[in-house]
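User: I'd like a close look at one part of this model, the pocket that ranks second by size. Walk me through it, then carry on into the packing elsewhere in the fold.

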Amino acid sequence: MSQATEIVLPGVGEPESLQVRSRELPDPQAGQALVRVEATGVSYAEQQMRRGKYYDQPPFPFVPGYDLVGIVERSGDDGGPPVGQRVAALTKVGGWADRVLLDVADLVPVPPELDPAAVETVVVNGITAWRMLHRDTHTHAGQTIVVLGAAGGVGSTLVQLARDAGIRVIGTAGPSQQDRVRELGALPIDYRGENVAARVRELSPDGVAAVFDHVGGPGIVDSWGLLARGGTLVSYGTASTRDVPGNPRMPVLKLLARLTAWNLLPNGRHAKFFNLWAGRRLRPARYRAGLRRDLGEVLDRLAKGAITPQIARRFPLTDAAAALRYAEAGGITGKVVLIPEHA
Ligand SMILES: NC(=O)c1ccc[n+]([C@@H]2O[C@H](COP(=O)([O-])OP(=O)(O)OC[C@H]3O[C@@H](n4cnc5c(N)ncnc54)[C@H](OP(=O)(O)O)[C@@H]3O)[C@@H](O)[C@H]2O)c1
């Protein structure tokens, strides 16, 4: 048995409703490993989950935490990563803990020389950004793309991966993040103060090769309108509806209907909805192999310094409420990282 400290979300509520609890974890069984968490983080998903607005909303109470980086402390399986190995895992929930029991098949080995907090910034963010850029679009060096929310966790990673591939990036962000977006290598547009569509047309009069849109809502029409012939709209969220009451699935379903209709138009443009979890249930082995491959690509860029980890701020795990509040206030660049304090 091992002792774990976890952060529990008891129901719909404010960040301050998060509770810190201690519990005994059973010993790992065959196929499982006990991981001592070194870093986890705040994703947009937790902002939706605490409102009961996540597409795949987990039943309350639960431990949030979309991803983590840690060290294998004990293993119930000879076939998994060895004790002492640094690993990363995509969990969707459960990561906000100082120790977790995970299936060994879900652990991705991480080079020991990489800083765990740095790696944490690119687990869900890196895999999402890599896949959208290199698998969902066929953009190449010299082309121009638009990244909405370029200062966000996914956005800041996507900007850097695109720049590393020689792609010109136009990135939207709030007024306080314009310089940071420029430092990441993108041409910034203030989405609060400027007419984004008009400004993109000035910067790229012939249209752009891809738009990455996590905002959804009525603005998705503008994103579609920015594409050049042959261009791709990658929609991957509905951030604009976070505070709109109602069924959490409805905004995504409406969006899917719209994207499908656009794809029927004979205009040489494409619209896709990216889903990080697609294929997980039907083809788990292939899905896990894909995660290893894509996270490996991103970690390789991180190790070479081609991308720089964007840590908005570090908080102790037990200050998860303050961390979530801080992330929700916006106006930050990168990922809010939670660091467990091990006794
Ligand atoms: N489909 C999938 O499989 C998948 C996987 C991973 C993530 N996601 C989605 O990816 C998105 C980003 O996640 P994250 O964890 O990176 O979140 P995050 O770090 O909170 O970043 C969100 C960013 O969006 C910006 N933003 C908010 N409203 C905007 C608008 N109207 N126009 C442009 N930018 C705007 C925010 O800027 P401010 O600071 O100005 O508020 C912030 O920089 C979320 O919508 C999430 O659901 C989807």
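Analyst: Sure thing. Keep in mind that this is a predicted model. By class, the lining of the second largest pocket splits into seven nonpolar, six polar and three charged residues. That lining comes to 16 residues, and the ones nearest the pocket's centre are G217, T241, M250, P251 and K254. Helix α8, residues 250–264, gives the largest share of the lining, with five residues. As for room inside, the second largest pocket holds about 250 Å³ of space.

Now for the packing. In soluble globular proteins, nonpolar side chains tend to be buried together. Here the largest nonpolar core has 67 residues, and Y66, L90, W96, I145, F212 and L276 touch the most other members. There's also a second, separate core of 19 residues, with I189, L203, V211 and W224 among them.

L276 is a handy way into the bigger picture: leaving out residues up to four places away in sequence, L276 touches Y66, L90, V124, I127, T128, R131 and Y287. One of those partners, R131, sits in helix α3, residues 124–134. R131 counts as buried because its relative accessible area is 11%, under the 20% cut-off. Its side chain isn't without a polar partner: the side chain of R131 makes a polar contact with the side chain of D294 at 2.6 Å. With the same sequence neighbours left out, R131 touches D136, F274, L276, Y287, G290, L291 and D294. So L276 and Y287 turn up together around R131, and Y287 is also on the contact list of L276.

Technical notes
Residues numbered from 1 in each chain as written. Predicted model: local features only at pLDDT ≥ 70, side-chain atom pairs only at ≥ 80, totals over all residues. Heavy atoms only, no water. 1 Å grid on protein atoms, 1.4 Å probe; cavity = no way out; pocket = protein on both sides within 12 Å on 5 of 7 lines; lining within 4 Å. Points joined across faces, edges and corners; volume = space filled by probe spheres on them. Helix = DSSP H or I, 4+ residues; strand = E, 2+ residues; numbered from the N terminus. Nonpolar A, V, L, I, M, F, W, Y, C, P; charged D, E, K, R; others polar. Core = buried A, V, L, I, M, F, W, Y, C linked by side-chain atoms within 4.5 Å. Buried < 20%, exposed > 50% of the residue type's maximum accessible area, 1.4 Å probe, protein only. Contact = heavy atoms within 4.5 Å. Polar contact = N/O pair within 3.5 Å; in protein donor to acceptor, adjacent residues only side chain to side chain.
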